[in-house]
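Visitor: I would like to learn how to read a model like this one, feature by feature. Where should we begin?

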Amino acid sequence: MIPEGYKLVFEDDFNGDTLDLTKWSYRATGPRRCGYNSPDRVRVENGNLILSQKYCEGEFGEGWYGGMIKANPRFCRGYFEIRCICNEHHRNGDFWSAFWLQADHPYEPELSLGGPGGAEIDIIECTENMGGQIGVESNIHVAGMTRPHPEGDGTDHMPVVRLNVPDCCTAYHTYALEWTDEVYRFYFDGKLYCETDWGDGVSRVVEDLIVSIELPSSCVQPKDKASEFIVDYVRVYQKESDIMAIRE
């Protein structure tokens, strides 16, 4: 259920046969970590967006390839929702599905200001924990935090919560973030599971909304390993006072 007071401002149900470039752009094309991002790893078929990873001979040469896109409008505050099946994931050096927001300067202390000047907000990242359980994590990255906080590991990275979701790589689930003036709230299948104002307050700047299959720093997977991140829809809702899709 969408929180009260929001209206739909951005939606893609991926019902065409190609990525709608009036809504999305390819992001970070080129070298990334152990490989490359390429538009070739992004396709739309059967009502789904599919981001894939594989080892192949691609536009940048032989290597590991993944896909990443961002919404053309940028957003400040709102309710951000994805319905998806995450890619098959194994703990050691594997690729992972991600749905996230990123400001221009979340990693620079003098600009992030501990969060109000910009954060990286990972709505979901599909992972396998040390016990071998598959699930999703929500994380927040800021820099320059000064307010003491009992959670996380200082001024950079706060693991908000981890959910064990045994079928997240085989079944559709919805994952969402409500980003308000005061707090971040994280939802799983429509139910609130965590809220936080991590850092010196929430981000107050416009951010990119990103869907990606992420490359690890190094990959130890066999070269015939391939997987897909399948997305049914992405939707963004905002309150009238928060509509700030102002920059491309």
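Visitor: How many bridges join strand β15 to strand β16, and do the two run parallel or antiparallel?

Guide: Keep in mind that this is a predicted model. Strand β15 (residues 184–188) and strand β16 (residues 191–196) run antiparallel, and 5 bridges join them. Follow one pair: F188 has K191 as its bridge partner in β16.

Visitor: What do β15 and β16 form, and what is special about D189 in the turn?

Guide: They form a hairpin with 2 residues between the strands. D189 sits in the turn and has a positive phi of about 50°.

Visitor: Which residues outside that turn have a positive phi although they are not glycine?

Guide: Take two. N46 has a positive phi of about 50° and is not a glycine. N46 lies in the loop between β5 (42–45) and β6 (48–58). L113, also not a glycine, has a positive phi of about 55°. Its loop runs between α1 (109–112) and β11.

Visitor: Is N46 buried or exposed?

Guide: N46 counts as exposed because its relative accessible area is 71%, and the cut-off for exposed is over 50%. L113 is at 48% relative accessibility, so L113 counts as partly exposed.

Visitor: Where does P166 lie, and is P166 buried or exposed?

Guide: Look in the loop between β13 (157–164) and β14 (173–179). P166 is exposed, with a relative accessible area of 73%. Now compare sequence with space. P166 and Q133 are 33 residues apart in sequence, yet their C-alpha atoms are 7.0 Å apart.

Visitor: How should I read the two faces of a strand?

Guide: In a regular strand, side chains alternate between the two faces of the sheet. Try β17 (residues 208–214). D208, I210, S212 and E214 point one way from β17, and L209, V211 and I213 point the other way.

Visitor: How many of the residues of β17 are buried?

Guide: The count is 7 of 7. Both sets of side chains, on either side of β17, belong to buried residues.

Visitor: Which strands pair with β17, and over how many bridges?

Guide: Two to note. Strand β8 (residues 68–71) is antiparallel to β17, with 3 bridges. M68 stands opposite S212 there. β10 also pairs with β17 in the antiparallel sense, over 7 bridges. In that pairing, S97 stands opposite I213.

Visitor: And how do I read a core?

Guide: In soluble globular proteins, nonpolar side chains tend to be buried together. Here the largest nonpolar core has 53 residues. L49, F80, V211 and V234 touch the most other members. V211 is also one of the buried residues of β17.

Visitor: Which residues is V234 in contact with, leaving aside its neighbours within four places in sequence?

Guide: Among them are F10, F14, W24, I82, F99, L209 and V211. The list also includes E11, D12 and E81.

Visitor: Last, the largest pocket. How much space lies in it, and how many residues line it?

Guide: About 220 Å³ of space lies in the largest pocket. Its lining has 13 residues, and R33, W96, E120, D122 and E125 lie nearest its centre.

Visitor: Which strands supply at least two residues of that lining?

Guide: β10 (96–102), β11 (120–128) and β12 (134–141) each do. β11 gives the largest share, 4 residues.

Visitor: What is the make-up of the lining, by nonpolar, polar and charged residues?

Guide: The lining of the largest pocket divides into 7 charged, 3 polar and 3 nonpolar residues.

Note on methods:
Residues numbered from 1 in each chain as written. Predicted model: local features only at pLDDT ≥ 70, side-chain atom pairs only at ≥ 80, totals over all residues. Heavy atoms only, no water. Core = buried A, V, L, I, M, F, W, Y, C linked by side-chain atoms within 4.5 Å. Buried < 20%, exposed > 50% of the residue type's maximum accessible area, 1.4 Å probe, protein only. Contact = heavy atoms within 4.5 Å. 1 Å grid on protein atoms, 1.4 Å probe; cavity = no way out; pocket = protein on both sides within 12 Å on 5 of 7 lines; lining within 4 Å. Points joined across faces, edges and corners; volume = space filled by probe spheres on them. Nonpolar A, V, L, I, M, F, W, Y, C, P; charged D, E, K, R; others polar. Pairing = 2+ DSSP bridges.
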